[in-house]
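This report is an introduction for a reader who has not met the structure before. It begins with how far the model can be trusted and then turns to one helix and its surroundings.

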Amino acid sequence: MGRNITRAQKEARRADLSGSGPTRRGESDAAGALSPFQLFGEAMLTGILVAVASVPIVTLPVALAAGSRHLTAFIRGDASPWATFWREIRAGLAGSAGLGLGLVALSLVFVANTALARTGALPGGVAIAWITGSVTVVFATAIALAGTAWDPETGWIPALRAVPALAGADPLGTLLFVVSIVLVVFLTMVLVPLIVPLLGCLALAMVAIPMRRGVAG
């Protein structure tokens, strides 16, 4: 019987590492994340795949939502194969395109207004740039909040409708989302390649911020 138990433990260990099966429970507070380093590594890998999935740019919302769902499953010790990540992205492409286009449009307007403000060619350019930037951050925060409620079966509409309730139920968490998004934008502007790990960190924030007070179910 000892050999059977040992063999089962080895099989479970292989499933843990591959993400193909549930993780052993009861060994840590985070069932799937056997150590902080392992969770960090999974978040970085998630960032790479989210970045790859976001190459068309308009797919960024669904890539982040699917990435956060993967990390949620990983932390809880549920099966979290990457095939599920790609399948959920394909399922959410249609609904994500409009959000992605809106985010791209606002970002381009913000960049243009900032450039004009620096030249002084736009009257009140600095104020307009700040307003445009604030609207962009609010829109991005709404997408991140909706991403925490997004499900590939129900789509984006119910998730977007849940944004006011999510923001009202956890104002501090919403502020943390704002700070996270501003940091991602700022650090990416400083060094563009940082976007890859930062996307993983943002996907992890979409899991950790709601979970910190049991907001996530």
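The model is predicted, with a mean pLDDT of 82 for the protein, and 82% of its residues reach 70 or more. Two stretches fall below 50, and they are set out in the table with the contacts that the model gives them.

| Stretch | pLDDT | Contacts in the model |
|---|---|---|
| Residues 1–5 | below 50 | zero beyond near neighbours in sequence |
| Residues 23–30 | under 50 | 18 beyond four places in sequence |

Where pLDDT is low, the predicted coordinates should not be read in detail.

Helix H5 covers residues 125–149, and because each residue should add 1.5 Å, its 25 residues are expected to span 36 Å, which agrees with the 36 Å between its end C-alpha atoms. Among the buried residues of H5 are Gly125, Ala129, Thr132, Gly133 and Thr136, and further along the helix Ala144, Leu145, Ala146 and Gly147. The buried residues of H5 pack against several helices, namely H3 (60–76), H4 (82–119), H6 (156–161), H7 (163–169), H8 (171–190) and H9 (195–211).

How do H4 and H5 lie relative to each other? Their axes come within 8 Å and cross at roughly 160 degrees, which means that H4 is roughly antiparallel to H5. The crossing of these two helices, H4 and H5, is left-handed. On the H4 side the contact is made by residues including Leu99, Gly102, Leu103, Leu106 and Phe110, while H5 contributes, among others, Gly125, Ala129, Thr132, Gly133, Thr136 and Phe139. Gly125, Ala129, Thr132, Gly133 and Thr136 of H5 are thus named both as buried and as part of the contact with H4.

Methods
Residues numbered from 1 in each chain as written. Predicted model: local features only at pLDDT ≥ 70, side-chain atom pairs only at ≥ 80, totals over all residues. Heavy atoms only, no water. Helix = DSSP H or I, 4+ residues; strand = E, 2+ residues; numbered from the N terminus. Expected span 1.5 Å × (residues − 1). Buried < 20%, exposed > 50% of the residue type's maximum accessible area, 1.4 Å probe, protein only. Contact = heavy atoms within 4.5 Å. pLDDT = per-residue confidence, 0-100. Axes fitted to C-alpha atoms, helices over the stretch in contact; angles between N-to-C directions. Parallel < 35°, antiparallel > 145°, perpendicular 65-115°, else oblique. Left-handed = near helix turned anticlockwise from the far one by under 90°.
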